[in-house]
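Open your viewer, turn on the cartoon view and keep the selection box handy. We will make a few stops, and each one tells you what to pick and what you will find there.

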There are 2 protein chains.
Amino acid sequence: MARDSTRPRRATIHDVARVSGISRGTVSRVLNGERYVSDQARVAVEAAVKEVGYVRNTAARNLVTQRSRAVALVVHEPHSLVLEDPNIGNILLGTNAVLSEADYQMVTLILDSQRDSDRVAEYLRGGFVDGAIILSARSGDPIALAIAQLGIPAAFVGHPTDTPDVPFIGIDNTAAARGITERLMATGRRRIGMIAAALDRDSGSDRLSGFTLALGDAFDPDLVVRYPLYSYQTGVDGMRELLERAPDIDGVFAASDAVAAGAMDVLREWGRSVPGDIGIVGFDDSSWALRCTPALSTVRQPADALGRRAAQQVLDQLAGAEPPSGGTLLDTEIVWRDSA
Amino acid sequence: MARDSTRPRRATIHDVARVSGISRGTVSRVLNGERYVSDQARVAVEAAVKEVGYVRNTAARNLVTQRSRAVALVVHEPHSLVLEDPNIGNILLGTNAVLSEADYQMVTLILDSQRDSDRVAEYLRGGFVDGAIILSARSGDPIALAIAQLGIPAAFVGHPTDTPDVPFIGIDNTAAARGITERLMATGRRRIGMIAAALDRDSGSDRLSGFTLALGDAFDPDLVVRYPLYSYQTGVDGMRELLERAPDIDGVFAASDAVAAGAMDVLREWGRSVPGDIGIVGFDDSSWALRCTPALSTVRQPADALGRRAAQQVLDQLAGAEPPSGGTLLDTEIVWRDSA
DNA sequence: GTTTACTCTGGGAACGTTCACAGAAAATCC
DNA sequence: GGATTTTCTGTGAACGTTCCCAGAGTAAAC
């Protein structure tokens, strides 16, 4: 290619050594801010670095130090969900913030199919990254096993793992769901239903468990409808089904804010007032919540903090800390607004 | 750290050579799928690779080949917008799909402040990546200049650049806005307003230009309200302002779907029927559009394709192609639903 | 004044690949 | 059957760092 011939060879540490009249070893020490360097040498090196426009070659350094200063963020979700899920973006930002502050790169791996899954294992084994943060909704994820076997510093975001060696950062979906359901019950509702979703994921099944626990004896299995996805459409379909099954329903716990939004639109359509006729609560405190009319009561999930904590956990392991067995559950918070 | 002592040294190409009884050079040829390797040697090497669990050391390869097989995705947006913008996620997925198919890594750099901007330039110069894809909403972005100076293979997503050397992939916001406005006029509306947003970005100002062009002599500056962000709240505030200024308004072009959603909720509040009393159109064809009632007529923006094309453009340059001067504008499509 | 400790420097070796080259072996050509 | 081409293989060198060691100089301790 034409541009290669015109682009000058990049300056190396040897150029800096030559120009500054200081040995390669000392230049390296200056570059890494080590002790035992005279001021005189430091100044000379810094001047030479500027003069020749030196910037360190990452590959060479990685080769000799046997690390890459990069951490993978593995997003193991069907592609469509990556966009739907209001938390993933925040987790990503949190992770990125912590890593870049520690001068680490974030390498994003988005994978869907089984084929990809093998590819990822390959990367992780290949030393391309020093550690990994895995976003995965399901327990028993094949990636989990690969990570545990590799013994690479890692952390899961989202749910307890089967592998005690790999720590996780998550929230207690069961307790949170129970909490907001109890709060809904405390408003005096008698016939409370749930639009459950994503029961193949821990978050989905745990939220249903929490709901069941809260209701106790008052639990009526007929008032639970089940759908595969956390989505607006799930809310639309689920609310219709609930209204047909139990026209006297007066409270609904929607498995996510998006679900709640769909449900509220159906309620409006059916002429039921919220919170007058029926109280409704969601989960996530995503941008959906404020956009509903009336504003949605929901559980705030600290997505940004999840990402930050996971990144920090990996950095700690990289610094030599033992990974805590088990994991960390971050606190959720009930945000009570006007929908119930 | 304890785990280091237990973790065995990783197998190298030398181990493969030793076990297979084939020389290092030939092993390398097998690994890279080069010609001039006997079947016998190939089989022996493949067996040995499996036996010792060999996986190539990326750093060593990068060092000698002088490339990293990684491309940076630079997202230059305030953090909050990264989440709000319905297109960024799709662009990211498109980019990721193309890169990973070509066996390239995607390194995501999200930056906000000026400090970060310097850091990114440093990475790009440091050979950490072979190329870069830059998502930037504004022309005149400082990153643009840095990229152009570096002469590193790159592509912009989103808008024309000031730097002719760096190609861009975008859409023609002006033409698209003009198109949908004309379509709205064709439904017989007489008093059409616009809720304009993000006029500091090319997309925002171009959409306003398109609107102005479409209306021609019928353009009434009083019927344009301006807000800083593409958001639901902008739609709420903007629609109220328009209704106060011109109670007889019968058509609205909202600068984005989110804006349109906010506007529609205000219209419902004010008792104006859509599309009976007033027709409304948006922009993006994001998940907002279908979620509105009635479903929103809007302009479909091929976000996934934008990401794909940009990635392909960078890969082509990496393969030796000359970057096209100027750029590529992808087609948009009017999606006509029920809101107008 | 000798030991001991600390500070600073330079250069060899190594990290794990790929590439270029030379030469052997096999296939093809006249 | 010799010359030429093609296929295949092994080895030395290089990529640009960091780490380690040896040694020189200087300061502190006895």
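Select DNA strand D and the protein around it. In this predicted model, 29 residues surround DNA strand D, and the closest are Ile13(A), Arg24(A), Ser28(A), Arg24(B) and Ser38(B). Now color the DNA by backbone and base: of the atoms of DNA strand D that come within 4 Å of the protein, sugar and phosphate account for 62%.

Color the surrounding residues by type next. The surface near DNA strand D divides into ten nonpolar, eleven polar and eight charged residues. Which helices should you highlight here, as each supplying at least two residues of that surface? From chain A, pick α2 (13-20), α3 (24-31) and α5; from chain B, pick α3 (24-31) and α5.

Zoom in on the phosphates for three polar contacts:

- Ser28(A): a polar atom of its side chain sits 2.7 Å from a phosphate oxygen of DNA strand D.
- Tyr36(B): an N or O atom in its side chain is 2.8 Å from a phosphate oxygen of DNA strand D.
- Asn57(A): here a backbone N or O atom lies 3.5 Å from a phosphate oxygen of DNA strand D.

Stay with α5 and select residues 58-65 in chain A and in chain B. How do the two helices cross? Their axes come within 8 Å and cross at roughly 145 degrees, and the crossing of α5(A) and α5(B) is left-handed. Show side chains, and you will see Ala59(A), Ala60(A), Asn62(A) and Leu63(A) meeting Ala59(B), Ala60(B), Asn62(B) and Leu63(B). Six of the residues in this contact are nonpolar, two are polar and none is charged.

For the last stop, move to the sheet in chain A. Four strands in the order β7-β6-β8-β9 make up an open sheet with parallel pairing. At its edges are β7 (224-227) and β9 (279-281), each pairing on one side only. Look along the sheet to see the twist, which averages 15 degrees from one strand to the next.

Inside the sheet, select β6 (residues 192-197) and β8 (residues 251-254) of chain A, which run parallel and are joined by four bridges. To find one of these pairings, click Ile195(A): its bridge partner in β8(A) is Ala254(A).

Finally, add the helices that pack on the sheet. Helix α11 (residues 202-215) of chain A touches β6, β7 and β8, and its direction makes about 165 degrees with that of β6(A). Helix α12 (residues 232-245) of chain A also touches β6, β7 and β8, with its direction at about 150 degrees to that of β7(A).

Technical notes:
Residues are numbered from 1 along each chain as its sequence is written. Chains are lettered from A and ligands numbered from 1 in the order in which they are written. This is a predicted model: local features need pLDDT of at least 70, side-chain atom pairs count only at pLDDT 80 or more; totals for chains, interfaces and linings use all residues. Side-chain values use heavy atoms; hydrogens and water are left out. Axes are lines fitted to C-alpha atoms, for helices over the stretch in contact, and angles run from 0 to 180 degrees between N-to-C directions. A crossing is left-handed if the near helix is turned anticlockwise from the far one by less than a right angle, and right-handed if clockwise. Contact means heavy atoms within 4.5 Å. Ala, Val, Leu, Ile, Met, Phe, Trp, Tyr, Cys and Pro count as nonpolar, Asp, Glu, Lys and Arg as charged, and the others, Gly among them, as polar. Two strands pair if DSSP finds at least two bridges between them. A residue is near a molecule or strand if one of its heavy atoms lies within 4 Å of it. A polar contact is a pair of N or O atoms within 3.5 Å; within protein, one must be able to donate a hydrogen and the other to accept it, and residues adjacent in sequence count only if both atoms are side-chain atoms.
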